[in-house]
Amino acid sequence: MPENRIEQLIRPHLASIQTYQPVDPPEVLAERAGIPAKSIVKLNGNENPYGPSPKAAEAMARTPMHIYPDPFQRNLRASLSDYTGFPTENIIAGAGSDELIDLLFRLFIEPGDVILDCEPTFAMYAFCARINGGELRLVQRDELFEIDLQAVREAIDDKTKIIFLSSPNNPTGNMVSEEQVRALLDTGLIVVIDEAYYEFSKETVGNLIGQYENLVILRTMSKWAGLAGLRVGYGIMGSGIVDHIIDIKSPYNVNVAAEAAAIASLEDSEYLLGNVQSIVDDREALFGSLSEINGIKPWPSQGNYILCQMDRPEDAQQMFDQLAARGIFVRNFSSDRLRDCFRVAIGTPDENAAFLNAVREISQ
Ligand SMILES: Cc1ncc(COP(=O)(O)O)c(C=O)c1O
């Protein structure tokens, strides 16, 4: 076989794709820090520090694993309908909301179509856009990380198909207002509002679902329900889009264990939402404490994380490195706009205290 043959066969737009930077699992982080995995304080993935509902594990243990899952996700969608108040035909589940992001691109984007991305935001939108051969048009958020509606409108042309917005925005923590969402929907583009942190913000644009057939809302069981490892997300949208997604998705995309755990979690939402409230209270306390530290500006957040801005990119890098050396892992960024920032997820009270003490020590 001639040299480089495989490289030549790979689709050109994928051959040297800029990939997604995922977070490493605890054992890898532990090895890097030279400490046991159980001593790691992992605050880099916006995961739920309290874990899942005990009922989720019980439900998984009872689930037969030798039978394929229901391709139409009937039971899961019915449970999601009870929980959200939207009819089943407006709901579809994915292997994490990540899968739904990808499916939306597959459904709407032809190579050369334009995707609008309001930076800085969740990197998955740009990643899936590139994979699907879309052309990314980056519209910068303003100095407060708010959407620049004027700039978005100016960026739209007849190739533009879809705009993705995370609300609260990961990593900046702020919301997009209903007024802004309406203005964007009025452009006629597909507008995806990613409400991955809805249970923490308690704000939604769900009331617009019946009014706008170009609105798609994404949610997840990863954050509030502590099921990140099982991969269950869902979308709320017009039934026409749901039907098209059912047509193109992999038939058994949500596995039986994940489905059982998600349904049990939805039935145990009171317990899980109690944990969400603790995280929100601790977020506010941590925000207050961080505000008192010289050289750190925490940004107000409606999610389960706080973006912390430092004076210079070197300071953020040093903070990241010195926290990592103590076994405390936060998220850092390579983009120009966020090189002076790191993002910390809200952990248990002990984890938050360990993080805060370390930050105070490093900042002295
Ligand atoms: C804004 C946003 N959307 C989606 C996701 C991914 O969620 P899931 O675990 O359901 O794929 C994340 C995860 O961090 C996120 O921050």
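**Exercise 1. The loop between S5 and H9**

Task: Locate Pro168 and Pro171, and state the peptide bond that leads into each of these residues.

Solution. Step 1: Pro168 belongs to the loop between S5 and H9. Pro171 is placed in the loop between S5 and H9 as well. The model is a predicted one.

Step 2: Look at the bond from Ser167 to Pro168; this peptide bond is cis, with omega near 0°.

Step 3: Look at the bond from Asn170 to Pro171; this peptide bond is cis too, with omega near 15°.

**Exercise 2. Thr172**

Task: Place Thr172 in the chain, decide whether Thr172 is buried or exposed, and list its side-chain polar contacts.

Solution. Step 1: Thr172 lies in the loop that runs between strand S5 (160-166) and helix H9 (178-185).

Step 2: The relative accessibility of Thr172 is 1%. Buried means under 20%, so Thr172 counts as buried.

Step 3: The side chain of Thr172 makes a polar contact of 2.8 Å with the side chain of Asn169. A polar contact of 2.5 Å links the side chains of Thr172 and Asn174.

Step 4: Leave out residues up to four places away in sequence, and Thr172 touches Pro120, Phe145, Trp299, Pro300, Tyr305 and Leu307.

**Exercise 3. The ligand and its surroundings**

Task: Describe where the ligand sits, which residues come nearest, and which side chains place a polar atom 2.7 Å from a ligand oxygen.

Solution. Step 1: The site of the ligand is the largest pocket.

Step 2: There are 14 residues around the ligand, and those that come nearest are Ser97, Asp194, Tyr197, Thr220 and Ser222. Helix H6 (residues 96-108) gives the most to this shell, with three residues.

Step 3: In the side chain of Asn170, an N or O atom is 2.7 Å from an oxygen atom of the ligand. For Tyr197, a polar side-chain atom lies 2.7 Å from a ligand oxygen atom. For Arg231, an N or O atom of the side chain is 2.7 Å from an oxygen atom of the ligand.

Step 4: The ligand taken alone exposes 400 Å², and the protein buries 93% of that.

**Exercise 4. Two residues with positive phi**

Task: Give the phi angle and the location of Lys202 and of Arg231, then classify the exposure of Arg231.

Solution. Step 1: Lys202 is not a glycine, yet its phi is positive, at about 60°. Lys202 is in the loop between helix H10 (198-201) and strand S7 (215-220).

Step 2: Arg231 is not a glycine either, and has a positive phi of about 65°. Its place is the loop between S7 and strand S8 (233-237).

Step 3: Arg231 has 30% relative accessibility and therefore counts as partly exposed.

**Exercise 5. Ile109 and Val216**

Task: For Ile109 and Val216, find the location, the exposure class and the contacts beyond four places in sequence.

Solution. Step 1: Ile109 is in the loop between H6 and strand S3 (114-119). Val216 is part of strand S7.

Step 2: With a relative accessible area of 7%, Ile109 is buried. Val216 is also buried, with a relative accessible area of 0%.

Step 3: Ile109 touches Val114, Ile115, Asn132, Gly134, Lys161 and Ile162, where residues up to four places away are not counted. One of these, Asn132, is 23 residues from Ile109 along the chain, and their C-alpha atoms are separated by 7.1 Å.

Step 4: Val216 is in contact with Leu104, Ile190, Val191, Val192, Ile193, Ile236, Met237 and Ile241, apart from its neighbours within four places in sequence. Between the C-alpha atoms of Val216 and Asp194 the separation is 8.2 Å, and these residues are 22 apart along the chain.

**Exercise 6. Pro313**

Task: Place Pro313, classify its exposure, and compare its sequence and spatial separation from Arg343.

Solution. Step 1: Pro313 is in helix H14 (residues 313-325).

Step 2: Pro313 is at 28% relative accessibility and so counts as partly exposed.

Step 3: Beyond its neighbours within four places in sequence, Pro313 is in contact with Arg339 and Asp340.

Step 4: Pro313 and Arg343 are 30 residues apart in sequence, while their C-alpha atoms are 13 Å apart in space.

Conventions:
Residues numbered from 1 in each chain as written. Predicted model: local features only at pLDDT ≥ 70, side-chain atom pairs only at ≥ 80, totals over all residues. Heavy atoms only, no water. Buried < 20%, exposed > 50% of the residue type's maximum accessible area, 1.4 Å probe, protein only. Polar contact = N/O pair within 3.5 Å; in protein donor to acceptor, adjacent residues only side chain to side chain. Contact = heavy atoms within 4.5 Å. Near = heavy atom within 4 Å. Areas by Shrake-Rupley, 256 points an atom, 1.4 Å probe, with all protein chains shown as cover. 1 Å grid on protein atoms, 1.4 Å probe; cavity = no way out; pocket = protein on both sides within 12 Å on 5 of 7 lines; lining within 4 Å. Sits in = over half its atoms within 2 Å of the grid points.
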